[in-house]
Amino acid sequence: MDETWMAEALAEARKAAADGEVPIGAVVVYDGRIVGRGRNARETRRDPTAHAEVLALQEAARSLQRWRLTGATVYATLEPCPMCAGALVNARVDRLVYAVADPKAGAAGTLFDVTRDARLNHRIEVVSGVMAAECGELLTSFFRARRDR
């Protein structure tokens, strides 16, 4: 099922790209259904916190009518940054599945590991590399097009 849900996150990332945003998407799955969707919207909203994961968590919390998202899995096309990883921990998400590692800001095992830090009050199971080629190509082509302008 991980690929099925990651394909949904990738669809969100494609929508972000169409909006001129960095193509990152996320979905929150609970009890076999999507309860939250998000895509980068920092430029559109002029909001530094409008990351795909944060927006997906906000929608999931509204959908489930609770901030504690125990039992949920977040699917993200790029490894979460420290802010997003912290939000996942604070939301008590059980599981994170991401596609592409982020060597510059990844906080789920690459640069930092906020998601599994034993000093925090919650730890998250992390799976990486799901649909990495497809998600990575979208990011690569987006930035290539930007450089070629």
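How many bridges pair β4 with strand β5 (residues 125-128), and in which sense, parallel or antiparallel? Keep that in mind while you load the model, which is a predicted one.

**Stop 1: helix α1**

Start by selecting residues 2-18, which make up α1. This helix has 17 residues and reaches 24 Å from its first C-alpha to its last, close to the 24 Å expected at 1.5 Å a residue. Now show side chains for D2, W5, M6, A9, L10, E12, A13 and A16, the buried residues of α1. Turn the view until you look down the helix axis: these buried residues fall within an arc of 160°, so they line one face of α1. Swing round to the other side of α1 and you'll find E3 and A18, both exposed.

What does that buried face sit against? The buried residues of α1 pack against four strands, β1 (25-30), β2 (33-39), β3 (73-78) and β4 (95-100), and also against helix α5 (132-147). Before you leave, step just past the end of α1 and click G20, where phi is positive at about 85°.

**Stop 2: the strands**

Next, select 73-78 for β3. Of its 6 residues, 6 are buried, making β3 mostly covered. Add 25-30 for β1. β1 and β3 run antiparallel, joined by 4 bridges. To get your bearings across that pair, label V27 and Y75: V27 stands opposite Y75 in β3.

Stay on Y75 and look over to β4, where the bridge partner of Y75 is V97. β3 and β4 pair in the parallel sense, over 5 bridges. Another place to check this pairing is T73, whose bridge partner in β4 is R95. To get from β3 to β4, trace the chain through helix α4 (residues 82-90); this β-α-β crossover is right-handed.

Select β4 by itself and colour it by accessibility: 6 of its 6 residues are buried, so to speak a mostly covered strand. Then bring in β5 to settle the opening question: β4 and β5 pair in the parallel sense, over 4 bridges. V97 is a handy landmark here too, since V97 stands opposite V127 in β5.

While you have the strands on screen, here's a general reminder: in a regular strand the side chains alternate between the two faces of the sheet.

**Stop 3: the core**

Which residues touch the most other members of the largest nonpolar core? Select M6, V28, L57, L69, Y75 and L96, out of the 41 residues in that core. The elements giving two or more residues to this core are α1, β1, α3 (52-64), β3, α4, β4 and α5. As a general point, nonpolar side chains in soluble globular proteins tend to be buried together.

Now zoom in on L96. Beyond its neighbours within four places in sequence, L96 is in contact with V74, P80, L88, A108, T115, I124, E125, V126 and V127.

Then go to L69, another of those core residues, in the loop between α3 and β3. Buried or exposed? L69 has 1% relative accessibility, so it counts as buried. Not counting residues up to four places away in sequence, L69 touches L57, A60, A61, L64, A91, R92, V93 and D94. Draw a distance between the C-alpha atoms of L69 and R92: they are 23 residues apart along the chain, but separated by 5.5 Å.

**Stop 4: two more loop residues**

Staying in the loop between α3 and β3, pick R66. Its relative accessibility is 29%, so R66 counts as partly exposed. Leaving out neighbours within four places in sequence, the contacts of R66 are Y30 and A61. Try another C-alpha distance, from R66 to E79: these two are 13 residues apart along the chain and separated by 25 Å.

Finally, move to H51, in the loop between α2 (42-45) and α3. How does H51 count, buried or exposed? At 14% relative accessibility, under the 20% cut-off, H51 counts as buried. Show what surrounds H51: leaving aside neighbours within four places in sequence, H51 is in contact with N40, R42, C81, M83 and C84.

Technical notes: Residues numbered from 1 in each chain as written. Predicted model: local features only at pLDDT ≥ 70, side-chain atom pairs only at ≥ 80, totals over all residues. Heavy atoms only, no water. Expected span 1.5 Å × (residues − 1). Buried < 20%, exposed > 50% of the residue type's maximum accessible area, 1.4 Å probe, protein only. Arc of directions from axis to C-beta. Contact = heavy atoms within 4.5 Å. Pairing = 2+ DSSP bridges. Right-handed = clockwise from strand over helix to strand, strands pointing away. Core = buried A, V, L, I, M, F, W, Y, C linked by side-chain atoms within 4.5 Å.
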